[in-house]
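Student: Let's work through this model by question and answer. Where do we start?

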Amino acid sequence: MMNKKDLSPRCVFEQFARINEIPRPSKREEKMIAYLMEFGQSRGLPTKRDAVGNVLISKGATPGYEDRQTLILQSHMDMVCEKLVDVDFDFDKDAIQTYIDGEWLKAKGTTLGADDGIGCAMELALLDSDDIEHGPIECVFTRDEETGLTGAFGMEAGFMSGKMLINLDSEDEGQIFVSCAGGKTTTATFTFDREKAPKDYFFMEATLKGLNGGHSGDDINKKRANAIKILARFLYKELEKMDLRLVSFDSGRMHNAIPRDGKICFAVPEKEKETVKADWNVFATEVEDEYHVTEQTMVFDMSSSEAKQVISNEVGKNLIRALQAVDNGVYAMCQDEAVAWLVETSSNVASVVTKDREVVVVASQRSNVMSNLENQGNTVKALFELAGARVEQGDGYPAWKMRSDSALTRLAVDCYKELFKKDPQVLGIHAGLECGLFSERYPDLDMVSFGPTLRGVHSPDERLHIPTVQMVWDHLLLMLKKIK
């Protein structure tokens, strides 16, 4: 068992440990922004913050490297805040508690924050060093990448001055990313009046938990169960049999995560309650068999519930039917043979939240082809409109197109081969990276993205493969030394 003090590179893991003491939920990164500003200023480094909260810390070249191109290193300061249901944790106050499990660094019942805290840690370790050779560098820390790309959207042209950028927000060592998908979010709101359930109705509550969840881009093609879609399947099947009245549907929290758990509350005629219980048991067995490879810790539970007012009959039925019908998962794979393995277009039903007089459904669409992103967004929008919901869509964010003449890609590949005596994979990714937005405001910016191996991101199973941090660090330092 490794000791935390023995983790290598020590300078990076020390910075990561400090970062994980700082609460930094998306949209609430004020403490992290203050820390970064103090970090740069206390070391006498030019430090600035823009109007939306992005922070840039510059560092001059070491002796002999003054003629090198300015290189931008970029990561996002916020983290996805997910925890196990039975874990008492306040992401606005508490420090992430980490531990070592073999070759993996994990957190106790919460997301680890390595997405993208480990990228931030590498930047801070570089800024804090006095023995690393490099040309001029700009270390950029963007805010709110996970829930709105607010930092990248709000960054004005001219905030960064370099012509080459390394994004440290990828999750598989040995893979160098040179393009990414664009995306948009669709929000459907069902409004209703509450009413009493008919006489002699029995109230029931069903929960599903223990799913893997994961990133709705990287993991969308891994046949992981979506808690919303599974619970909707059951409600739809029962609605076909009996007069089911919906009380509430709650599942998922993050727009870019596959929901891992959920709870539904509903009422059925008293005479049907035993049928529903039997159906639930059969349904659970069928779903467990359906996902016997990818979901081995699913937990189904059903119990009685106290009587409550129900959602108006028509709206409740329309909501159930819409959640049954809405696209979820892979819609199309890339057509080009060279990247035929890559998901082109997808959609993920991310969350359902029931309030007093409305239910809000959030779904996210992604595509490397912007016309198909628009089409997929319209498909989801039209379905919810047909179901009577009020639908809103954001502008989304653009895809990042590969540059065939990228000098930075060649440098990244050559340095990797020199270090590890093998070729890295040069890939596109079916997830949103801030590089897409940077390419709009900085059209001449040459970019790549890489990082150490992470698994289970956006879930409490998030873990960082420790040996790959050293590999990425060595790769980064050699690129700094060899940049022209």
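Student: How much of the accessible surface of the chain belongs to carbon and sulfur atoms?
Tutor: This is a predicted model. Its chain has an accessible surface of about 20200 Å². The share that belongs to carbon and sulfur atoms is 47%.

Student: What share of the residues is buried?
Tutor: Buried means under 20% relative accessible area. The chain counts 484 residues in total. Those that are buried make up 58%.

Student: How far apart are the centres of the positive and negative side chains?
Tutor: The chain carries 58 positive side chains and 78 negative ones. Each set has its own centre. The distance between the two centres is 2 Å.

Student: How many helices and strands does the chain have, and what is its radius of gyration?
Tutor: The secondary structure comes to eleven helices and 23 strands. The globule rule gives 23 Å for 484 residues, and the chain is close to that, so it is as compact as a globular protein of that length. The radius of gyration is 24 Å.

Student: What does the C-alpha trace span along its principal axes?
Tutor: There is one value for each principal axis of the C-alpha trace. The spans are about 85 × 45 × 40 Å.

Student: Among contacts between residues at least 6 apart in sequence, what share joins residues at least 24 apart?
Tutor: Contact here means heavy atoms within 4.5 Å. Of the contacts between residues at least 6 apart, the share joining residues at least 24 apart is 79%.

Student: Is helix α3 largely enclosed or exposed?
Tutor: Helix α3 covers residues 114–128 and reaches 19 Å from its first C-alpha to its last, close to the expected 21 Å. Of its 15 residues, 14 are buried, so the rest of the structure encloses α3 largely. The answer is: largely enclosed.

Student: Which residue joins Asp-116 through a cis peptide bond?
Tutor: Asp-116 sits in helix α3. Omega of the cis bond is about 5°. The partner is Asp-115.

Student: Which residue is joined to Ser-8 by a cis peptide bond?
Tutor: Omega is about 0° at this bond. The partner lies in the segment before α1. It is Pro-9.

Student: Is Leu-149 buried or exposed?
Tutor: Leu-149 lies in the loop between β6 and α4. Its phi is positive, about 50°, although it is not a glycine. At a relative accessible area of 6%, Leu-149 is buried.

Student: What does Lys-223 count as at its relative accessibility?
Tutor: Lys-223 also has a positive phi of about 50°. Its loop runs between β11 and α5. At 48% relative accessibility, Lys-223 counts as partly exposed.

Notes: Residues numbered from 1 in each chain as written. Predicted model: local features only at pLDDT ≥ 70, side-chain atom pairs only at ≥ 80, totals over all residues. Heavy atoms only, no water. Helix = DSSP H or I, 4+ residues; strand = E, 2+ residues; numbered from the N terminus. Rg over C-alpha atoms; globule rule 2.2 N^0.38 Å. Buried < 20%, exposed > 50% of the residue type's maximum accessible area, 1.4 Å probe, protein only. Areas by Shrake-Rupley, 256 points an atom, 1.4 Å probe, with all protein chains shown as cover. Lys, Arg positive; Asp, Glu negative; His and termini not counted. Charge placed at Lys NZ, Arg CZ, Asp CG, Glu CD. Expected span 1.5 Å × (residues − 1).
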